[in-house]
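Trainee: Could you walk me through this structure, one feature at a time? I would like to follow the reasoning behind each answer.

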Amino acid sequence: MMEKKSKKGRRGGGEEGSGKMAPVKKSKKGKRKSKDSGKLKIVKYGGGPPPLPPELRGLDTEWWYTFLHKHAESGYSAPSDEGEAFRYFFRTSRRTFDYICSIVREDLISRPPSGLINIEGRLLSVEKQVAIAMRRLASGDSQVSVGSAFGVGQSTVSQVTWRFIESMEERARHHLVWPGPERMEEIKAKFELESGLPNCCGAVDATHIIMTLPAVESSEDWCDPAKNYSMFLQGIVDDEMRFIDIVTGWPGSMTFSRLLKCSGFFKHCEAGTRLDGPVMVSAEIGEIKEYIVGNNCYPLLPWLMTPYDGESLSAAMSNFNARQKVARMLGTRALSRLKGSWRILNKVMWRPDKNKLPSIILVCCLLHNIIIDSEDELLPDLQLPDHHDTGYTEEKCEQVDSIGMTMRDIITGYLQS
C-alpha cells in the first residue's frame, strides 16, 4: 500500500499484482572511444554492436552513447564495463530500464508538452525522457547539471521529471502492494529461517527527507529534532527489503510513534483488517499472531514487537533482542539502499513543493521495488555507508501495551523451546 498525506488528503490503496518484464535489450550502434583506466572505457564489439531483437529496433539508444561520451570527455569516473556503467548512472539494467519505459510510454507519447524538443528540432524520445528523469532522481544533481549532461535545458528536465513521476505513480502501483496470503506465508517462512522469529510479516523503519523552505513557508511544524526542515517517510519491508507499505507527506517534527498512528496501516491493524492471517498455536506456550518488528522509537503493540529495554536482561530476553534485530535491520537497510540509490532523497532538497514531494518519494520507492522484482543487482557502492538518518538520535517510545508485552514474552518462550 502507498499512502501520502497532502493538502488534498491522503491517497492509498492498490491490490496485489505483478508486472511483466520486457525482453532483453541490446545496445544500438553509436560512436565509441576508449579512455584511460581512471575514466570510462566503452566496450567495443567487432564490426559494431550486436543486432537488436526485432521488437526493440524502434527504440532510441543513441542518447545513451551521447550521454556516455560526454561523461567520459568530462573526466568523470565510472565502471569501465558498459552494462555496469548504465547501472551506475540509472541504477537499473538496460532490460529493466526498457521495462520502465514500457510503463510510461503511453503517457509520454500521448501528452507531449511544448518545449520537449532536442537540438535537432525533434521531440525527445521516450527513452531519453525516462533517462533524464531517472538520472535526476538517481544523482540528486541540479536540473541544470542533469540538463547539461543530456543537452537540454533546466525547464525541460523539470517538465520531463514531473511527467515521469505522474505516470509512474499512476501506472506502477502494482509494484508496491500489501502481500496476498500465499506470498505472506513465504515472507513469514523466510523471516523465521533468517532470524528465528515465528509469524513475522515485516520490518518497519522511518527516515527524514531533508529540505530547505522559503521563509514564508518555514515553520516549527517542519523543523525536526536535528533542526532540519524535513518530511518523514515510513516504510514496511518484506524479507527481500521490498516496500510493502509506505506513508509519507508528514512533517519530520513528528515522533516515530505519532507518524505510525497517523498511518492507514495503524488503523487497519487496530481494526483487525491487517496482520490478520493464520495464528501459530502452541499448547505449551500460547498463540502467536502475525506482527511486524521495529526499534524502540516505536511503541510495543500486540502487532508490533520492539526489543526489551534495560541493562539487566535475562539470557532469553537478550536472545529475543538479537533475533529481533536481525529481522528489523532489513527495514534500516532498505531505507539506506533507497536513499543511496535515489540520491535526490539523501541530499538537501532546495525549496521543493511540499505537495509534490510525497510523489517523488513514492516513485523512488516504486523504482526500488522494480529493481527487486526484476532481480537486478545494485552496484555494491550504492547503499549508503552510514545509517540512512545520520545526525538523528533515537528517541525511545515509552508506550507499552500489556497485550503486546504478553505477546513478546510468548515469542521469547518459543525461541527457547
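Trainee: Which side chain meets that of Arg183 in a salt bridge?

Mentor: Happy to start there, with two words on the source: this is a predicted model, where local features need pLDDT of at least 70 and side-chain atom pairs count only at pLDDT 80 or more, while totals for chains, interfaces and linings use all residues. Residues are numbered from 1 along each chain as its sequence is written, and side-chain values use heavy atoms, with hydrogens and water left out. A salt bridge here is a side-chain nitrogen of Lys or Arg within 4 Å of a carboxyl oxygen of Asp or Glu. At 3.0 Å, N to O, the partner of Arg183 is Asp239.

Trainee: How many residues apart are Arg183 and Asp239?

Mentor: This pair links distant parts of the chain. Arg183 sits in helix α7, and Asp239 lies in the loop between β3 and β4 (243–251). Helices (H or I, at least four residues) and strands (E, at least two) are DSSP runs, numbered from the N terminus. The separation is 56 residues.

Trainee: Does Asp239 count as buried or exposed?

Mentor: We call a residue buried under 20% relative accessible area, exposed over 50%, and partly exposed in between, using a 1.4 Å probe and protein chains only. Arg183 has 19% relative accessibility, so Arg183 counts as buried. With 14% relative accessibility, Asp239 also counts as buried.

Trainee: What distance do the end C-alpha atoms of α7 span?

Mentor: The expected span of a helix is 1.5 Å times one less than its number of residues. Helix α7 has 15 residues (181–195), so a span of 21 Å should follow. The model agrees, as the end C-alpha atoms are apart by 21 Å.

Trainee: Within what arc do the buried residues of α7 fall?

Mentor: Those buried residues are Arg183, Met184, Ile187, Lys188, Phe191 and Ser195. Seen down the axis, they line one face of the helix, because their arc is limited. The arc is taken from the directions from the helix axis to the C-beta atoms, and its value is 140°.

Trainee: Which elements do the buried residues of α7 pack against?

Mentor: Contact means heavy atoms within 4.5 Å. The face turned away from the buried side carries the exposed residues Glu182 and Leu193. On the buried side, the packing partners are β2 (200–212), β3 (229–237) and α10 (315–341).

Trainee: Which residue meets Lys188 in a salt bridge?

Mentor: Lys188 is buried, with a relative accessible area of 3%. Its partner is three residues apart from Lys188 in helix α7, so about one helical turn separates the two. That partner counts as partly exposed at 38% relative accessibility. With N to O at 2.9 Å, the residue is Glu185.

Trainee: How many residues of β2 are buried?

Mentor: Strand β2 is largely enclosed by the rest of the structure. That follows from the count of its buried residues, which is 11 of the 13.

Trainee: How many bridges join β2 to β3?

Mentor: Two strands pair if DSSP finds at least two bridges between them. β2 pairs in the parallel sense with β9 (residues 349–350) over two bridges, and two bridges also join β2 to β7 (residues 291–293), again parallel. β2 and β3 run antiparallel, and the number of bridges joining them is nine.
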